[in-house]
Amino acid sequence: MNIGEKVLSKLKEEIPEIEYNRYIKQLSFDEKKSSSDNAIYYAPNTLIANYIKTKFSEKISHLFEVYSSNKVNVVITLKSKADVSVKAAKNVVDKEKIKHSLLNPSHTFDNFVVGGSNQFAYAAAKSVSEKPGDIYNPLFIYGGVGIGKTHLMQAVGNVLQNQGKNVIYTSVEQFLNDFLRHLRNGNMDRFKDKYRNCDVLLIDDIQFLSNKDSLQEEFFHTFEALKNDKKQIIITSDKHPKQIGGLEERLKSRFEWGLIADIQPPELETKINIIKKKCEINRIKLNNDVINYIATIIENNAREIEGILSKLHAYAKLMNIDINIEFAKNVLKEQQRENRANITIDLIMDIVAKELNVKPSEIKSKSRSRNIVYARRIAIYLCRDLTTNSMPQLAQYFGMKDHTAISHTMKKINELIKNDEDFRTKIEELNNKIKSTS
Ligand code: ADP
Ligand code: MG
């Protein structure tokens with residue numbers, strides 16, 4: 001067994017067997033091309049390569065360090081691209097030293113599907129990429145999970161970076177860590193230099209700034225400096241600035257200075273086109289039946305699409321058959337079951353309680369106070385909708401007489417969802433939160 005194979009066999013002990021069999025097993029190690037700097041593995045296609053890269057390359061690299069005492073670049077690539085990839089990997093490593101965070105190179109305008117739900121945000125982003133720092137500054141993009149906010153923001157970043165501009169892309173968390181590190185090391189000047197002297201600052205999921213007072217202070221000054229210098233700022237968030245709690249008023253008002261663009265969940269047609277686009281990028285052939293089927297079963301966001309495609313592709317490859325609608329249904333049914341299995345009543349209770357400012361024990365109590373009844377109804381609705389628990393099971397859990405009480409609650413909530421837009425948004429938000437935490 002060569003070192004590359006040994007590392008994979010060690011990896012096998014650390015990851016779920018199903019993941020190993022589905023993905024890692026398909027890798028082959030190129031002993032000849034590998035060196036003390038680079039470990040080169042071939043994957044059968046780009047999807048599997050990308051999946052392994054994001055999910056396992058750090059682990060593989062760590063195992064190499066353990067078993068060869070060398071810190072190597074792990075390169076997961078296609079046979080035809082080995083030489084290019086080794087070079088690219090080197091570049092990435094070099095660049096990483098100076099760059100803050102890398103933009104995903106496939107997050108481009110070309111790869112972005114425009115539909116009714118996102119055309120305004122798309123047009124705004126496009127304009128910003130043509131005249132950065134000029135017309136819409138900041139550009140504030142908001143909307144639910146997995147609907148393309150990061151993609152669009154990075155598309156602008158990619159255009160400007162390719163023109164040689166210094167683009168910083170950061171999450172609030174990275175910004176915070178960076179801030180704390182500089183603070184600890186007593187070199188805040190460097191921190192200020194870095195963020196106030198870039199050409200473009202992309203800051204993702206700004207809602208996480210809420211209640212972090214000193215970070216808000218720092219961000220405020222960064223913002224002012226950039227804005228004064230006509231440097232472009234792009235911000236994403238899950239909510240409109242007005243709706244972000246725990247955020248200083250002066251920041252809120254500044255976020256409204258430029259342009260605020262929302263993205264809605266994609267319509268069916270947009271979902272279909274996104275799937276087609278992802279197939280094209282990853283060179284996967286699917287017939288229209290399968291594409292339509294995927295579009296109808298995914299949630300109202302695009303985040304799952306790549307996972308689904310890679311799963312279908314890997315299975316089909318493994319079993320050496322074509323992907324037809326029956327096959328897709330079978331594979332994805334299992335996925336839906338898996339998704340649901342991760343969502344438990346406890347998880348839902350925790351999230352609902354936290355979001356609505358009550359205690360889980362209050363939700364389960366017999367209290368009739370308004371906000372608790374409200375939280376209880378929502379919790380019941382979500383438990384019924386997102387878990388496999390039956391109405392009698394839920395009645396028992398919530399201490400109700402029988403299932404008719406649950407069915408009554410479901411009816412009430414469904415009516416509210418239909419007639420009250422704010423309520424609908426709230427439920428959708430909770431839904432997304434639960435799914436992204438599970
Ligand atoms: P968000 O930041 O809004 O949570 P992302 O930008 O991370 O969502 O998008 C999730 C995934 O869906 C990414 O792979 C992205 O490329 C894809 N996606 C979302 N919207 C679109 C779109 N309109 N066209 C193409 N891909 C999209
Ligand atoms: Mg995002």
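1. A charge sits over a ring if NZ of Lys or CZ of Arg is within 6 Å of the ring centre and within 35 degrees of the ring normal. In this predicted model, K364 meets that description: K364 lies over the face of Y397, with 4.1 Å to the ring centre. R250 is placed likewise over the face of F220, at 3.7 Å from the centre of that ring.

2. Next, the aromatic pairs. The count comes to 18. Take F140 and F255. Their ring centres are 5.6 Å apart and their planes stand at 35°, so this pair is tilted. The planes are neither under 30 degrees apart, as stacking would need, nor over 60, as edge-to-face would need. The pair links distant parts of the chain. F140 belongs to strand β4 (residues 139–143) and F255 to helix α10 (residues 249–255), with their positions 115 residues apart in the numbering. F140 counts as buried because its relative accessibility is 0%. F255 is buried too, at 0% relative accessibility.

3. A second pair is F175 with F219. Here the ring centres are 5.9 Å apart and the planes meet at 90°, so the pair is edge-to-face. This pair also links distant parts of the chain: F175 is in helix α7 (residues 172–184) and F219 in helix α9 (residues 213–228), 44 residues apart. Both rings belong to buried residues, F175 at 0% relative accessibility and F219 at 1%.

4. Which residues form one aromatic cluster with F140 and F255? The other members are F175, F179, F191, Y195, F219 and F223. Both pairs described above therefore fall within one cluster, given the tilted pair F140 and F255, the edge-to-face pair F175 and F219, and the cluster membership.

5. The helices that carry F175 and F219 also cross. The axes of α7 and α9 come within 11 Å, at a crossing angle of roughly 95°. That makes α7 roughly perpendicular to α9, because the angle falls in the range 65 to 115 degrees. On the α7 side the contact is made by V172, F175, L176 and F179. On the α9 side it is made by S214, L215, E218, F219 and T222.

6. A further crossing involves helix α13 (residues 303–319) and helix α14 (residues 325–341). Their axes come within 10 Å and cross at roughly 125°. The two helices are therefore oblique to each other. The crossing is right-handed. From α13, the contact takes in E304, I308, K311, L312, Y315, A316 and M319. From α14, it takes in F327, A328, V331, L332, E334, Q335, E338 and N339.

7. Helix α15 (residues 345–355) has buried residues at I345, L347, I348, M349, I351, V352 and A353. What do these buried residues pack against? Their partners are α16 (360–364), α17 (370–386), α18 (391–397) and α20 (421–437). Just after α15, N357 has a positive phi of about 60°.

8. Two positions in helix α19 (residues 403–419) deserve a look. N414 is in this helix. Is N414 buried or exposed? N414 counts as partly exposed, because its relative accessibility is 40%. Its C-alpha atom is separated by 8.6 Å from that of Y381, a residue 33 places away along the chain. T409 is also found in α19. T409 is buried, at 6% relative accessibility. Leaving aside residues up to four places away in sequence, T409 touches R377 and I380.

9. Backbone points to check. N137 and P138 are joined by a cis peptide bond, with omega about 0°. P138 is in the loop between α5 (119–130) and β4.

10. Two non-glycine residues in loops have positive phi. K230 takes about 55°. K230 lies in the loop between α9 and β7 (232–237). K230 is exposed, because its relative accessible area is 58%. R283 likewise has a positive phi of about 55° and is not a glycine. R283 lies in the loop between α11 (268–282) and α12 (288–297). R283 is exposed, with a relative accessible area of 65%.

Technical notes. Residues are numbered from 1 along each chain as its sequence is written. Chains are lettered from A and ligands numbered from 1 in the order in which they are written. This is a predicted model: local features need pLDDT of at least 70, side-chain atom pairs count only at pLDDT 80 or more; totals for chains, interfaces and linings use all residues. Side-chain values use heavy atoms; hydrogens and water are left out. Rings of Phe, Tyr and Trp (its six-membered ring) pair if their centres lie within 6.5 Å; planes under 30 degrees apart count as stacked, over 60 as edge-to-face and the rest as tilted. Helices (H or I, at least four residues) and strands (E, at least two) are DSSP runs, numbered from the N terminus. Buried means under 20% relative accessible area, exposed over 50%, partly exposed in between (1.4 Å probe, protein chains only). Axes are lines fitted to C-alpha atoms, for helices over the stretch in contact, and angles run from 0 to 180 degrees between N-to-C directions. Angles under 35 degrees count as roughly parallel, over 145 as roughly antiparallel, 65 to 115 as roughly perpendicular and the rest as oblique. A crossing is left-handed if the near helix is turned anticlockwise from the far one by less than a right angle, and right-handed if clockwise. Contact means heavy atoms within 4.5 Å.
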